[in-house]
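I opened this model to look up how the protein meets the DNA, and then to follow a few helices inward. My entries are below, in the order in which I made them.

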There are 4 protein chains.
Amino acid sequence: MRSIEYSQKDILIFNGVINLIKGGANPYLITVSEIAASAGVGKGTIYDYFESKEEVIKKAILFNFNNEIDYFYKKIATKKGFKEKYYEIFNSIVENLQNKFSTVNILMTLGKLPEFHISEKQDSCEFNKHILRIQAIIDDLLVSGYKEGIIKKIESQYYQNMVIKSSLFSFTNYMSMQMIYKETSVKEAMDAAYKIVIKSLN
Amino acid sequence: MRSIEYSQKDILIFNGVINLIKGGANPYLITVSEIAASAGVGKGTIYDYFESKEEVIKKAILFNFNNEIDYFYKKIATKKGFKEKYYEIFNSIVENLQNKFSTVNILMTLGKLPEFHISEKQDSCEFNKHILRIQAIIDDLLVSGYKEGIIKKIESQYYQNMVIKSSLFSFTNYMSMQMIYKETSVKEAMDAAYKIVIKSLN
Amino acid sequence: MRSIEYSQKDILIFNGVINLIKGGANPYLITVSEIAASAGVGKGTIYDYFESKEEVIKKAILFNFNNEIDYFYKKIATKKGFKEKYYEIFNSIVENLQNKFSTVNILMTLGKLPEFHISEKQDSCEFNKHILRIQAIIDDLLVSGYKEGIIKKIESQYYQNMVIKSSLFSFTNYMSMQMIYKETSVKEAMDAAYKIVIKSLN
Amino acid sequence: MRSIEYSQKDILIFNGVINLIKGGANPYLITVSEIAASAGVGKGTIYDYFESKEEVIKKAILFNFNNEIDYFYKKIATKKGFKEKYYEIFNSIVENLQNKFSTVNILMTLGKLPEFHISEKQDSCEFNKHILRIQAIIDDLLVSGYKEGIIKKIESQYYQNMVIKSSLFSFTNYMSMQMIYKETSVKEAMDAAYKIVIKSLN
DNA sequence: TATGAATGAGTTTTCATTCAT
DNA sequence: AATGAATGAAAACTCATTCAT
C-alpha cells in the first residue's frame, strides 16, 4: 500500500507542474522552463531529480491524483450516512472543479486521463493503485447504502458500481458544462444525480 | 444547418489527421510532417489550405465529429423502438471504440474533449452545433420512450437528459476500461446500462 | 546604343515589379506570387519569360532606370538655359521622390543601388550604359553652362562633374530627408544646391 | 547621451552580423545559421538574446553605426585645423571603404541606409541619435572653419551644412565608384572635394 | 501559351537536455 | 547540490520553381 516516497525537492517540482495545470496549462504543452519557473528551481535541478520532462509531468499528475484521492477519501469518511456521504462527494466535486486534472476528472473519465504515456510497467502499476482506491470509495459508499436499506435489491457488483459512477458522472458533467445547463441549479443537479442512484439501486 | 463547406483537398488533409489520431496519435503531439505523410501531400500543401498546424488539427477533429454524429444519427434513425435504438447506440459505441476522438468520446465527456483551443468565436459556434446535434439524438430517443410508455413519470427535462447521458457513459466507460471489468461481458454491460435508464425513468 | 528589346509580356511583368517597388516594397523581399499578382499573370508565366525571380527583378529595375533616364533626358532637353535645365532637374527630383528606386536614386547614389547581384557580365554592361547616359545629361548641362559663361574657370573634367553630382546630391538629400530639414523650404533647398554649382564652378 | 547597454554576448552576435556584412553579404539575405556560424555560437543562442532574426540584424547595424561614428569622431577630434580635420575625414573614408554599411555610407546617403524597417518608435529614436551625432561632426568642422577664417561669408546654416555633406559625398562617390574614375587619383579626388567646400563657403 | 496547385528544400524558431561553474 | 547559459535536433513554416492541364 505504501506509495513511492518522494523527496522534498521532488514535491517542490511536482507542485510547480500541478500549479501550471491548475492554472489552465495543457500538460502536453508545458515546457521545462515553465516548470522550473513555477517550482522556483533551476532548469538543471529538474534533471537532477528526474530523467526527462515526460517523467516529471507524469509523476506530478499521479502524485496529485494520489493526494486528491486521499483528501477525498478522508472527507467522505467523516460523514456517516449514505446520503451525507454522497452529497459530500458532490461538494468535493464543486470544490474541485477548477482543477482540470483533478480527482473529479478521474472519477468522470475513470481512468481515461492519465494517458500521459502509461506504457512502462511501473506507471501501469501506479495507475492501477488509483483505480483501486477509487473503487474503495465506491465500495464504502455501497456498504453505507446496504446498511441503511437504501440499496435494496441485490444487483450485480458491476451494476451497482456503474450506477454510482454514472450518477457521479452526471453531476460532474453538469459542473463542467454548466454553461449549457443554465436553467438547472447546482442543488437540482445534485438531487438529480442522487435520484439516479436511488431509483437505479432500488 | 449547413456546415462549412470543405474542398476535396481540405478533406484529404483532414483524413490524414484523423487517421493519425485513430492510429493512436496524441493530437497535441502530431507534427505537420506526419500529417503531410499521412495525407499523402507535401508539407507546403497543408499551408496552402490552412493557416497553421493548430488550425488543421482543430478543424479536422470538428469535421470528424460532424461526420460521426451524422453516421450515428442515421444509424439510430433506422431503428424504430426505444430499446432497439438504444442498443443500436451501444453497437455504434462498440464499433467506434478504437477512435480515441470518436463520437463516443463526445457522448462520454459531452464536450470536454475539443479543448483544442476552442477560444475563437467561430470554433465556439461550431462546437455548439455539435452539442445541439447530440441533444437531438437524445431527444429523439426520449420521444420514442414516451410513445412506447417506457418512460412514464414526467421528470424534469434535465433529469431525463442526464439519465440518458449517464447510462451511455456507463457503457462507454465499460468499453474503454474493459481491462478492469474482465468478469463482465459486453452483453451484460449493455443490459446494465439499459437497466439504469429504465429504472431511473420509470 | 540599342537596348535589349522586350516583349509586351516582359514589360507587363516588369511593371508588376516596378509597381510593387514604387508602392514601397523592398526588392529583396518581393515574392514571385506578389509579382504575378501585381502583373496580373500566373506565376508560371513569369518562368516562361524569365529564368528566375532574381532575373525578373534585376531586369525590371534596369528597365525602369532606362525609362526614367529617357524621360529625364527629354524633359531637360526641352529647356534652353543652364539655370532652367538645372531647375528642371530639381523639379524632376521632386516629382520622382516617391519612387524609392527612381532615377533620383541613381543620381544620388550614382550607381550604388543596382547592387542586385551585378555579377554577370551582361548586367555589368547594362549598368555601364546607365552611367554613360547619366554622364550625358551632366555633359549637356556643362555645355550649357560654358555657353552662357556661367561656368568660367576651366577646372578639370572630374571636378566639374563632381560639382554637378554633389549639388544634385544636396537637393536629393534634402528631399529624401525633409523631416530633418523642417526650417528649409523646397525653394531654398533648390537655391542652395544651385548656389553650390555656381560658386564651385566660378 | 548614453546608448542602450549591450551584453558581451549581444556584441559577439552583433560582430557575427557585422563581419558578414563587411564580407559583402546583403543584410536582407543573411540567414540565422550564417549569423550563428559567424558569431561562433549555436543557433539557439541567438534567440536567447534576441526576439527574431530581423531584430538581430537591425540592432547589429545600428550598433555598428554607433561605433563607427565614435571612432570617426575621435579621429577627427585629434586634428586641429579645418583642413587637417577635413583630410582626416577623407582618410577615414578611404580606410572605411570596404565596409558596405560603414559610416561612409551614412555620410553619403545621410540616413537613407537603415531602411531595415525603422518603423518602431525605439528604432526611430536610435536612428535620430545617429543623425544628431553626424550633425555634431559637421558642426565641429564648421566651427574650425569659422575660427580660421576659411568660411567667411555667413550663409544659412542649411547651406553650410549641405556644402559639407555634398563635398563629402563627392569623395565618397569617387571611392565607391573608382572603376569609372580611372584617370583621377585619390589625392586629386580629395583636393576636388576640398575645393568644393572652400569655393562654396567663401 | 498560360496557369496555379503542388512540392520540398531551406528557412526561422523552439525547447529538452547538458555541463561548466 | 544547484544553476542557467548554451546548444542543436527537430519542429513550423515559406516560397521559388515545376508541371499537368
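**Entry on the annotated stretch.** Over residues 31-50 of chain A, I find the chain to be 75% helix and 0% strand, with the end C-alpha atoms 14 Å apart. I looked up this stretch since UniProt, in an unreviewed entry, places the feature "DNA-binding region" at residues 31-50 of chain A. I note here that the model is predicted, and I read every distance below as a computed value of that model.

**Entry on DNA strand E.** Which residues come nearest to this strand? Of the 31 residues around DNA strand E, I list B:K9, B:T45, B:Y49, C:T45 and D:Y47 as those that come nearest. The helix α3 (43-49) of chain A, and likewise α3 (43-49) of chain B, of chain C and of chain D, each supply at least two residues of the surface near the strand. By class, I record 10 nonpolar, 11 polar and 10 charged residues on the surface near DNA strand E.

I then asked which parts of the strand are involved: of the atoms of DNA strand E within 4 Å of the protein, 64% belong to sugar or phosphate, and the rest belong to bases. On the phosphate side, a polar side-chain atom of C:T45 lies 2.5 Å from a phosphate oxygen of DNA strand E. On the base side, an N or O atom in the side chain of B:K43 is 3.4 Å from a base oxygen of the strand, while B:G44 places a polar backbone atom 3.4 Å from a base nitrogen of DNA strand E.

**Entry on DNA strand F.** I find 31 residues surrounding DNA strand F, and the closest are A:K9, A:T45, A:Y49, D:K9 and D:Y49. Sugar and phosphate account for 63% of the atoms of DNA strand F that come within 4 Å of the protein. Two lysines reach phosphate oxygens of DNA strand F with an N or O atom of the side chain, A:K9 at 2.6 Å and B:K53 at 2.8 Å. For a base, I noted D:D48, where a polar side-chain atom lies 3.5 Å from a base nitrogen of DNA strand F. The α3 helices of chains A, B, C and D each supply at least two residues of the surface near DNA strand F.

**Entry on helix α1 of chain B.** Does the length of this helix agree or disagree with its residue count? For the 15 residues of α1 (residues 8-22), 1.5 Å a residue gives an expected span of 21 Å, and the end C-alpha atoms are 20 Å apart, so the two agree. Buried in α1(B) are B:D10, B:I13, B:F14, B:G16, B:V17, B:I18, B:L20 and B:I21, and what covers them includes α2 (32-39), α3 and α4 (53-77) of chain B. Just after the helix, B:G24 takes a positive phi of about 105 degrees.

Within α1(B) I picked out B:G16, which counts as buried because its relative accessibility is 1%, under the 20% cut-off. Beyond residues up to four places away in sequence, B:G16 touches B:I35, B:S38 and B:A39. Its C-alpha atom is separated by 7.7 Å from that of B:A37, which is 21 residues apart from B:G16 along the chain.

**Entry on B:S166.** Finally, I looked up B:S166 in helix α8 (residues 157-176) of chain B; at 0% relative accessibility, B:S166 counts as buried. Leaving aside neighbours within four places in sequence, I find B:S166 in contact with A:S166, A:F169, A:S170 and A:I196.

Terms used
Residues numbered from 1 in each chain as written. Chains lettered and ligands numbered in written order. Predicted model: local features only at pLDDT ≥ 70, side-chain atom pairs only at ≥ 80, totals over all residues. Heavy atoms only, no water. Near = heavy atom within 4 Å. Polar contact = N/O pair within 3.5 Å; in protein donor to acceptor, adjacent residues only side chain to side chain. Helix = DSSP H or I, 4+ residues; strand = E, 2+ residues; numbered from the N terminus. Nonpolar A, V, L, I, M, F, W, Y, C, P; charged D, E, K, R; others polar. Expected span 1.5 Å × (residues − 1). Buried < 20%, exposed > 50% of the residue type's maximum accessible area, 1.4 Å probe, protein only. Contact = heavy atoms within 4.5 Å. UniProt positions renumbered as here; feature names shortened; annotations may be inferred.
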